[in-house]
Amino acid sequence: MTTTYSRADRTPGVRLADRSLPLNALREHANDYAHLFARARAEVGHGQCLCHTPALRLVIRCSQAGRYHLAGWPGEGELHDPSCSFHKLTSELTGRVSYSAEAINESDDGVTIRFSAALARKLSAPESATPSTGQRQGRARRTIGLLGLLHWLWEETQLTAWHPRWQRRTWSVCHARLSEQIAGCSINQEELTDALYVVPPFREQYARRNSAAFQTFLIARLKRHGDTQRRGLILGEIRDVKPTRYGIRYALAHHRGALFATTALDERLRRSYRPAFSAASDEHGARRIGLFLVELSPKGNVRVVDMAAMLVSKLYVPADSSHEVIMANALTDAGRAYIKPMRYDGSDLVFPDFVLTDDRPHSYVEVYGIHGRESYDQRKRVKQAHYQRQGAALIEWDVAHSLPDVRRHRSASK
């Protein structure tokens, strides 16, 4: 079969109407191709991904601001090549399935998100307790919490995946993908681009522009209006956490400002997200991503109301522990293609630690980092029995021993 690749990342191209283009060009210059998006939507009804023959359908979305972008066709993510930007795991391997259409609703016009926390509060009313992670109705969650939103953003932008064909991933790549994703989304009936500030990568020539953009976010988004205190979301990489005279100061990478929290909130967050704040993670090049729910204090400081934290590898692939960071880095160094399944707000969901997508059928990776806990050992036995019944190939690492060989062998080929 013949596949079109862009020079930038060698990923398959796409077709709009009768024209084939590199996906990167469409992502970086979407406005220049608006006429082509509109034509494809009117004449064909969808775009086409060229990672396979015959081509696979792509949803064409247009935001209220008139910006077009492409999304994978529902239920067809598994059909795409693992190196393709539209490849996804089966629905059984994502916490996304635990939400109803009320929480996350996708259409040709974009994505509508029902967030569990209020994005505004009345100053005259007593402050509410810690926001819920998502209400349930039967088995389906009707709202999405901070952690669920963070996991959804990472999964939809394919930052949960890695393929050796791709360029080395930096925060600049993460920022570009996240910015594209939120452009067609609304949250609690507001444009997500207005409610969420994704910290841009620092470049000296853009420092003044980025600083002005953040100040605009603070004023336009967080400024109080009468008795109403508005709230917003900030997404970035946590560089440092230090105590201050009045509480805790969070410093973000690529960002000159700071976010402030009470000591009590910081202690709760550390209990909730222990892996992200563990000292062991620092030894292996791990990074920390934070999605902050914030508001302005009376003195104009950015006050953290709540936060979801996520540990990621050197290439920003999520991990649930420092040992998973070691494994993710080993898989990358071995030239493997893999995906980290995400739980969203479902802490009770059980998935493989990693799925190796360069094997057919996919194989799995399990990292065993806890010893002497019966509930953990029982879950380990259940997972092992499940893989055995399915006849699935499995790489297991008990962290008390050396890393196993994670290289891809010919016997694992198609």
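This dialogue discusses how to read the fold, surface, charges and cysteines of a predicted model.

Reader: Which secondary structure elements does the chain have?

Author: The chain has eleven helices and 25 strands. The radius of gyration is 22 Å, close to the 22 Å from the globule rule for 414 residues, so the chain is as compact as a globular protein of that length. Along the principal axes, the C-alpha atoms fill a box of roughly 65 × 60 × 50 Å.

Reader: What percentage of the residues in the chain is buried?

Author: A residue is called buried when its relative accessible area is under 20%. In this chain, buried residues account for 51% of the 414 residues. The accessible surface comes to about 19900 Å², and carbon and sulfur atoms hold 48% of that area.

Reader: Among contacts between residues at least 6 apart in sequence, how many join residues at least 24 apart?

Author: The share of such contacts is 61%.

Reader: How many Å apart are the mean positions of the positive and negative charges?

Author: The chain carries 59 positive and 44 negative charges, and their mean positions lie 3 Å apart.

Reader: Why is there no bond between the sulfur of C49 and the closest cysteine sulfur?

Author: A disulfide requires two cysteine sulfur atoms within 2.5 Å. The closest cysteine sulfur to that of C49 belongs to C84 and is 3.4 Å away, which is too far for a bond. For C174, the closest cysteine sulfur is in C185, at 17 Å, again too far. By this rule the count of disulfides is zero.

Reader: Are C49 and C174 buried or exposed?

Author: C49 is buried, with a relative accessible area of 0%. C174 is likewise buried, at 0%.

Conventions. Residues numbered from 1 in each chain as written. Predicted model: local features only at pLDDT ≥ 70, side-chain atom pairs only at ≥ 80, totals over all residues. Heavy atoms only, no water. Helix = DSSP H or I, 4+ residues; strand = E, 2+ residues; numbered from the N terminus. Rg over C-alpha atoms; globule rule 2.2 N^0.38 Å. Buried < 20%, exposed > 50% of the residue type's maximum accessible area, 1.4 Å probe, protein only. Contact = heavy atoms within 4.5 Å. Areas by Shrake-Rupley, 256 points an atom, 1.4 Å probe, with all protein chains shown as cover. Lys, Arg positive; Asp, Glu negative; His and termini not counted. Charge placed at Lys NZ, Arg CZ, Asp CG, Glu CD.
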